[in-house]
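This report describes selected side-chain and helix-packing features of one structure. Cysteines, aromatic rings and one helix pair are treated in turn.

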Amino acid sequence: MSMEKFIQELGSLEEDLVTMGELALDMLTDSVRAFQDRNVDLALEVDSLKHELDEWDRDIEERCLILLTLHQPMAKDMRNIACILKTITYLNRVGRYGKDIAKDARAMADRPHLAKLVLIPQMHELVCRMVRDCLRAYKADDVECIQDISERDDEVDALWDAVFRESLTYSMEDPHNLGPVIHYIMVSRHLERCGDHACKIAEKVHYKVTGEHIELK
């Protein structure tokens, strides 16, 4: 493979990584919206995207391995491909958590919400910004916008604790609240895990840009 062909293919992989990230975020956002609105159709739409997400994962991985085999890249090109290979795994998990939240949305279709969904919308906004900033840092080759990602994940963790405590309060006040409460706890747990995956993406992006390994979680 010529150097020109290598550069072209690596650029295509970079673009596809971002596209896969946007798909994963769309799945997460639509699933939370489906949960909030108890929208079964939207939840089913999210679920149907899992196959497309998996296809992106497999295709990008295969092309990365071909580049590694045929070109044997060094230095930053090697770090870039390593970053892509790890990041698609984390993005796949983010999208999969969207699928799981969509399942909770379907289960809530015939049940009224308690209060204002507790703190789930706030958790969702924080997590999505974390993942988007990771993708932005990757595209720009600049880690400035993810320097505080660990602190932001601490905020997500604190919200998860608050959702859990508030949900338990609702269940103790009225046993009939137990059904919705279980779904609130599950959805918030899925979002908390997405925050962890954003941190893992940030670690890989930092390595790609600087050549230094960091540990955020």
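A residue counts as buried when its relative accessible area is under 20%. The model discussed here is predicted, and the values below are computed from it.

**Cysteines**

By the cut-off just given, Cys128 is buried, since its relative accessible area is 2%. Cys83 is likewise buried, with a relative accessible area of 2%. The structure holds 0 disulfides. For Cys83, the nearest cysteine sulfur belongs to Cys134 and lies 9.5 Å away. For Cys128, the nearest cysteine sulfur is that of Cys194, at 8.0 Å. A disulfide requires two cysteine sulfur atoms within 2.5 Å, and therefore neither Cys83 nor Cys128 takes part in one.

**Aromatic pairs**

The structure contains 2 aromatic pairs, set out below.

| Pair | Distance between ring centres | Angle between planes | Geometry |
|---|---|---|---|
| Phe35 and Tyr184 | 5.9 Å | 80° | edge-to-face |
| Trp160 and Phe164 | 5.7 Å | 55° | tilted |

Phe35 belongs to helix H1 (residues 3-37) and Tyr184 to helix H7, so their pair ties together parts that are 149 residues apart in sequence. Both Phe35 and Tyr184 are buried.

Trp160 and Phe164 both lie in helix H6 (residues 149-173); because they are 4 residues apart, about one helical turn separates them. In this pair, Trp160 is buried, with a relative accessible area of 16%, whereas Phe164 is partly exposed, at 34%.

**Charges over rings**

Two tyrosine rings are also considered with respect to basic side chains. Arg79 lies over the face of Tyr207, 5.9 Å from the ring centre. The charged end of Lys208 sits over the ring of Tyr138, at 4.0 Å from its centre.

**Packing of H4 and H7**

Helix H7, which contains Tyr184, spans residues 178-210 and packs with helix H4 (residues 75-107). How are H4 and H7 oriented relative to each other? Their packing angle is about 170°, and their axes are 9 Å apart. Angles over 145 degrees count as roughly antiparallel, and H4 and H7 are therefore roughly antiparallel to each other. By residue class, the contact of H4 with H7 comprises 15 nonpolar, 6 polar and 10 charged residues.

How values were computed: Residues are numbered from 1 along each chain as its sequence is written. This is a predicted model: local features need pLDDT of at least 70, side-chain atom pairs count only at pLDDT 80 or more; totals for chains, interfaces and linings use all residues. Side-chain values use heavy atoms; hydrogens and water are left out. Axes are lines fitted to C-alpha atoms, for helices over the stretch in contact, and angles run from 0 to 180 degrees between N-to-C directions. Helices (H or I, at least four residues) and strands (E, at least two) are DSSP runs, numbered from the N terminus. Angles under 35 degrees count as roughly parallel, over 145 as roughly antiparallel, 65 to 115 as roughly perpendicular and the rest as oblique. Ala, Val, Leu, Ile, Met, Phe, Trp, Tyr, Cys and Pro count as nonpolar, Asp, Glu, Lys and Arg as charged, and the others, Gly among them, as polar. Buried means under 20% relative accessible area, exposed over 50%, partly exposed in between (1.4 Å probe, protein chains only). Rings of Phe, Tyr and Trp (its six-membered ring) pair if their centres lie within 6.5 Å; planes under 30 degrees apart count as stacked, over 60 as edge-to-face and the rest as tilted. A charge sits over a ring if NZ of Lys or CZ of Arg is within 6 Å of the ring centre and within 35 degrees of the ring normal.
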